[in-house]
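The following explanation moves from a single position to its surroundings and then to the chain as a whole. Please keep the sequence and the model in view while reading.

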Amino acid sequence: MSTRAVVRHQQWTLQPDREPDAEPSSYAMQCAVCGETSPTDTEYEAPQDWVFAHGGRNPSHHTYREIITRPWRAWWKP
Ligand SMILES: [Zn+2]
């Protein structure tokens with residue numbers, strides 16, 4: 001059995017997608033203590049409200065991570 005890979009050498013361009021039809025950026029917060037994650041939203045408010053509610057239920061959980069999902073696009077360079 002043999003494995004063969006074919007690689008084409010073409011130049012790609014890659015950049016954040018700012019086109020009008022791009023997917024929106026979205027945000028979530030994750031507790032760094034227990035790993036629980038907020039719902040994802042396109043605004044900051046809901047994930048941040050989740051932090052206050054989570055901290056209220058878990059008074060020793062003080063550290064969080066922000067998870068940002070940002071759309072990118074890639075295309076062949078002409
Ligand atoms: Zn937690």
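Is Gln11 buried or exposed? The model under discussion is a predicted one. In it, Gln11 has 7 other C-beta atoms within 10 Å. A residue counts as exposed if that number is 12 or fewer, and Gln11 is therefore exposed. Gln11 belongs to the segment that comes before β1. Although 65 residues separate Gln11 from Trp76 in sequence, their C-alpha atoms are 6.0 Å apart in space.

From Gln11 the reader may proceed to the strand that follows. Strand β1 comprises residues 12-16, and its partner β4 comprises residues 72-76. The two strands run antiparallel and are joined by five bridges.

How much of β4 is buried? Of its five residues, the number buried is zero, so strand β4 lies largely in the open. For this count, a residue would need 20 or more other C-beta atoms within 10 Å of its own to be called buried.

The pairing can be examined through one residue of β1. Pro16 is located in this strand, and across from Pro16, in β4, stands Trp72. Which residues does Pro16 touch, if those up to four places away in sequence are not counted? They are Arg70 and Trp72; Trp72 is thus met again, as the residue opposite Pro16. Thr69 offers a further point of reference: Pro16 and Thr69 are 53 residues apart in sequence, and the distance between their C-alpha atoms is 11 Å. As to its surroundings, Pro16 has 10 other C-beta atoms within 10 Å, and it is therefore exposed.

These strands may now be placed in the whole chain. The protein chain contains one helix and four strands, arranged along the sequence in the pattern β-β-α-β-β. Among its contacts between residues at least 6 apart in sequence, 59% join residues at least 24 apart.

The overall dimensions complete the picture. The C-alpha trace spans about 55 × 45 × 15 Å along its principal axes. What is the radius of gyration of the protein chain, and what would a compact globule of 78 residues have? The chain has 20 Å, whereas such a globule would have a value near 12 Å. Burial is reported for the chain as well: of its 78 residues, 8% are buried. Gln11 and Pro16 are both exposed, and in strand β4 the number of buried residues is zero.

Terms used
Residues are numbered from 1 along each chain as its sequence is written. This is a predicted model: local features need pLDDT of at least 70, side-chain atom pairs count only at pLDDT 80 or more; totals for chains, interfaces and linings use all residues. Two strands pair if DSSP finds at least two bridges between them. Two residues are in contact if their C-beta atoms, placed from the backbone, lie within 7 Å. The radius of gyration is taken over C-alpha atoms; the globule rule is 2.2 Å times the number of residues to the power 0.38.
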